[in-house]
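Visitor: I am new to reading protein structures, and I would like to know how the words used for them are justified. Could you walk me through one?

Guide: Gladly, here it is.

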Amino acid sequence: MKHNFAKLELKWQNKWETAKIFHAKEGRGKKFYVLDMFPYPSGEGLHMGHAFVFSLGDVFARFKRMQGFNVIYPIGYDSLGLPAENAAIKSKVHPKTYTEKAIKNFMKQQKAMGWSYDWSRMFKTGDPEYYKWDQWIFLKMLEKGIAYKKKSAVNWCKKCKTVLANEQVVNGKCWRHEDSQVEIKQLDQWFLRTTNYAEELLKGLEKLDWPERAKIMQKNWIGKSHGTEIKFKVNNEVWPVFTTRPDTIHGVTFMVISAQHPKLFGLVTEKQKKDVEKFLKKIKSVSEKDAADLDKQGVFTGAYALNPVNDERIPIWVGNFVLADYGSGMVMAVPAHDQRDYEFAKKYNLKIKEVIRGERLGDKTGAFEGEGVLVNSSKFTGGDSEKAKQKITEYLSKKKLGKKQIQFKLKDWLISRQRYWGAPIPIIYCDKCGIVAVPEKNLPIKLPEKVKFGKDNPLKTAKSWVSVKCPKCNAKARRETDTMDTFTNSSWYYLRYCDPKNKKKIFDSKKTNYWCPVDQYIGGPEHITMHLIYIRFYTKFLKDLGIINFDEPAKKYFTQGIVYGSDGFRMSKSRGNVIEPLGTIKKYGADTLRLYLLSVASPNSSFNWDEKGIQGSCKFVNKIVGYFNNLEFGKIDARTESKLNKTIKEVTEYIQNFKYNLAIISLRNLFNSLPEKTSKEVIEKFLKLFSVFCPHISEELWHKLGNKKFISLEKWPKFDSKKINKEFEKQEELVDKIVSDIINIVRIVGKRKKVYVYTIPNEIKIYSDNLDLIQKRTGLDVMVYAVNDKLKYDPKNSAKKAKPNHPGIYLE
């Protein structure tokens, strides 16, 4: 049989699709939900990074299907968003047209890879039938007080021409445009109260089987702190300030207010106004991620606060490192005991007052941040600093000057976007009635087709769409022209897969509760503090709404590695290093590409694309085809039986733990150890294991053996531990070692015609029995002698080097 992979792969893809073998249906046994993060359909199509990531999910879905689970493995497209809009503007086509064309290309590539998706569940977030339910969720959040509007300092990207959430600012730059410095604007924006779920989001991490790194990152992002809220007076107005160090209250020598605080100019004196305005022009980012690394800058406001414990006047500075939405947007600075404050005080020549004295480690200078004894702290002087936290908090509480407080770093989610290609926010503004929710019966609010793309929000140019009557009083009103952050679309998409065609409800709760939560979610590390926070928040809200009975979206999460270009950089069109799968499939076949991507490294590791590496996978696939071309059945020997059971055990465990590269090594070893004749059972079990990696050729060979059903739906082989012979395992290790030694020597001295192996007498049988295998794997003519064999050929006296488990070797 000639391996015409193009014809063969298309044949089996069509057969799978015609027979609908991957279509999921409720009630067919124990369910298993495998989910890849659905792709954004870029114009360039899939690249090797996508091919790698989605192959991970496909292997797992095929594996679970063969294990007898009722598997749902759906696919859809995250089709709304700024990239599509920007690309459409550049290409001078409508975003909808651009996206539809891109999706067709994606589907062609995905089907060519042989991924076992249930295509009947496919949807696009850009379809009104989908974003109708984004709008429905928003209205429910509005009803429950989760959605609200407020004026806020926001991150603004000039290139995107829209607001960015804090999570979307990286090193002061837009997450999409690394050369675009983020600016600050004060705008009326829509928010979702993620902070209402901060405690739940934190506690929920305990029951998740996610990578520890992912859980730690989320825990730090949520950032729960136990501390004290202290009331400072500023111009006869009380400002509550949160601190985790109430023991240092007597050492406060200045306060810092956020540069983005809406009340800032209410504090600034006329004398300092120009200096403050000049300073604010330099402020670029409000991202909490970046605050720790910023060059700390500030300017005096001219205002003072009163310290509640001693009535000292404390100067208030405005700084670039305090966030407006952290506590009250003002912090107390204790430079003697906080390194950030110390550096700021030194820079601007501000007072430093010691209030805790303790033992410094080494010759460290700067702020003393450890524990010790209080000094210069009125009646608390002499006390232990750790105990003083409680005592000072109690004192402030009695005087009604403070109280215990829990603070979270997590902020409410800013979802307003001043762009076109997103879900319209279902709100109407009426001069008489104020903010009015669009009635549910009027959903979806569809995006207007005719808009002008340019300097401002495109939706504002659709005058007839903006102009609308108030649902309450029927007076003239106007629509909200902001759209939702597209992370809202991906915060519940996994639920819609369970019932994607439902026009009456967001989904049938029975179906969703059957399939969910997701059993295995697969995605990138960059989504841990964005998408994975949002999707957990949405899930908890929808449970509170009573339409699902679980509060976490995914039981397990696997963080995949990244495929870089051959130049070592992430694949991108601008770098010109994108490798598109179809070209490689045309040259080598999808099975070969899959096998290479999954064997080159551990799935959670990153690697560089290298076409030379794929040639090894191509040879292996062709080697298997060649074996089947000359297949003769015989009886199974004990050694092969042991090896087969050991391989089934290893491959099962490796796939379950996402160690696909090790599973493939184990399969290669099994295949390379097969004798010329063996039983049909051995061959069939090998093919079943191999099929999850290379499904097309496995189907073909499976049917060549006379089987009528799809191998993709066959039962996964089970191992018998009683048939795994430890002695054979030991022998295999010795054979592997001698093969490796011979290959390494050949690398050093160059190719030779013959190899002579000298072993201690009680090991001669191991090497003699495996002589054919050693010759097969080294490609050399090998002779084996016992060291005490008087007739041995040993011109260099190499037998003297032989030791237990380590034969002597001579090449000529």
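Visitor: Which residues touch the most other members in the largest nonpolar core?

Guide: Tyr33, Tyr493 and Tyr521 do, in a core of 88 residues. Please keep in mind that this is a predicted model.

Visitor: What is Tyr493 in contact with, leaving aside its neighbours within four places in sequence?

Guide: Its partners are Leu35, Asp36, Met37, Phe38, Phe123, Tyr130, Tyr521, His531 and Ile535. There is also a second, separate core of 81 residues, and Ala51, Phe63, Leu595 and Tyr596 are among its members.

Visitor: How many residues of the protein chain count as buried?

Guide: Of 812 residues, 56% do.

Visitor: What makes Ala153 count as buried?

Guide: The cut-off for buried is under 20% relative accessible area. Ala153 has 16%, so Ala153 counts as buried. You can find Ala153 in strand β3, residues 147-157. Leaving aside neighbours within four places in sequence, Ala153 is in contact with Ile184, Lys185, Gln186 and Gln260. Gln260 is 107 residues away along the chain, yet the two C-alpha atoms are separated by 5.4 Å.

Visitor: Why is Gly43 called partly exposed?

Guide: Buried needs a value under 20% and exposed one over 50%, with partly exposed in between. Gly43 has a relative accessible area of 38%, so Gly43 falls in between. Gly43 sits in the loop between β1 (31-36) and α2 (48-66). Beyond neighbours within four places in sequence, the contacts of Gly43 are Tyr98, Ala102 and Asn105. The C-alpha atoms of Gly43 and Ala88 are separated by 9.4 Å, with their positions 45 residues apart along the chain.

Visitor: Ala88 is new to me. Which residues of helix α3 are buried?

Guide: In α3, residues 82-91, they are Leu82, Ala84, Glu85, Ala87 and Ala88. These buried residues pack against α4 (95-112) and β4 (162-164).

Visitor: What follows α3?

Guide: Lys92 does, and its phi is positive, near 60°. Lys92 belongs to the loop between α3 and α4.

Visitor: Why is Lys92 called exposed?

Guide: Exposed requires over 50% relative accessible area. Lys92 reaches 77%, so the word exposed applies.

Visitor: What makes a positive phi worth pointing out?

Guide: Most residues other than glycine have a negative phi. Lys92 is a residue other than glycine with a positive value. Ser378 is not a glycine either, and has a positive phi of about 45°. Look for Ser378 in the loop between β15 (373-374) and α12 (385-398).

Visitor: Where is a cis peptide bond found with omega of about 0°?

Guide: That bond joins Leu443 and Pro444. Pro444 is in the loop between β20 (434-437) and α13 (463-466). Another cis peptide bond joins Cys516 and Pro517, with omega of about 5°. Pro517 lies in the loop between α15 (509-515) and β24 (520-523). As a general background, most peptide bonds are trans.

Visitor: How many disulfides does a search of the whole structure find?

Guide: The search finds 0. A disulfide is a covalent bond between the sulfur atoms of two cysteines.

Visitor: Why is there no bond between Cys430 and Cys473?

Guide: To count as a disulfide, the sulfur atoms must be within 2.5 Å. The sulfur of Cys473 is the closest cysteine sulfur to that of Cys430, but the distance is 3.7 Å, so the pair is too far apart for a bond. Cys430 is also buried, because its relative accessible area of 6% is under 20%.

Visitor: And what about Cys470, why does its sulfur form no bond with the closest cysteine sulfur?

Guide: The closest one belongs to Cys430, at 3.7 Å, and the cut-off is 2.5 Å, so this pair is too far for a bond. Cys470 counts as buried, because 2% is under the 20% cut-off.

Visitor: To finish with the whole chain, how many helices and strands are there?

Guide: The protein chain has 26 helices and 32 strands. Its C-alpha atoms fill a box of roughly 105 × 70 × 45 Å along the principal axes.

Note on methods
Residues numbered from 1 in each chain as written. Predicted model: local features only at pLDDT ≥ 70, side-chain atom pairs only at ≥ 80, totals over all residues. Heavy atoms only, no water. Helix = DSSP H or I, 4+ residues; strand = E, 2+ residues; numbered from the N terminus. Buried < 20%, exposed > 50% of the residue type's maximum accessible area, 1.4 Å probe, protein only. Contact = heavy atoms within 4.5 Å. Core = buried A, V, L, I, M, F, W, Y, C linked by side-chain atoms within 4.5 Å.
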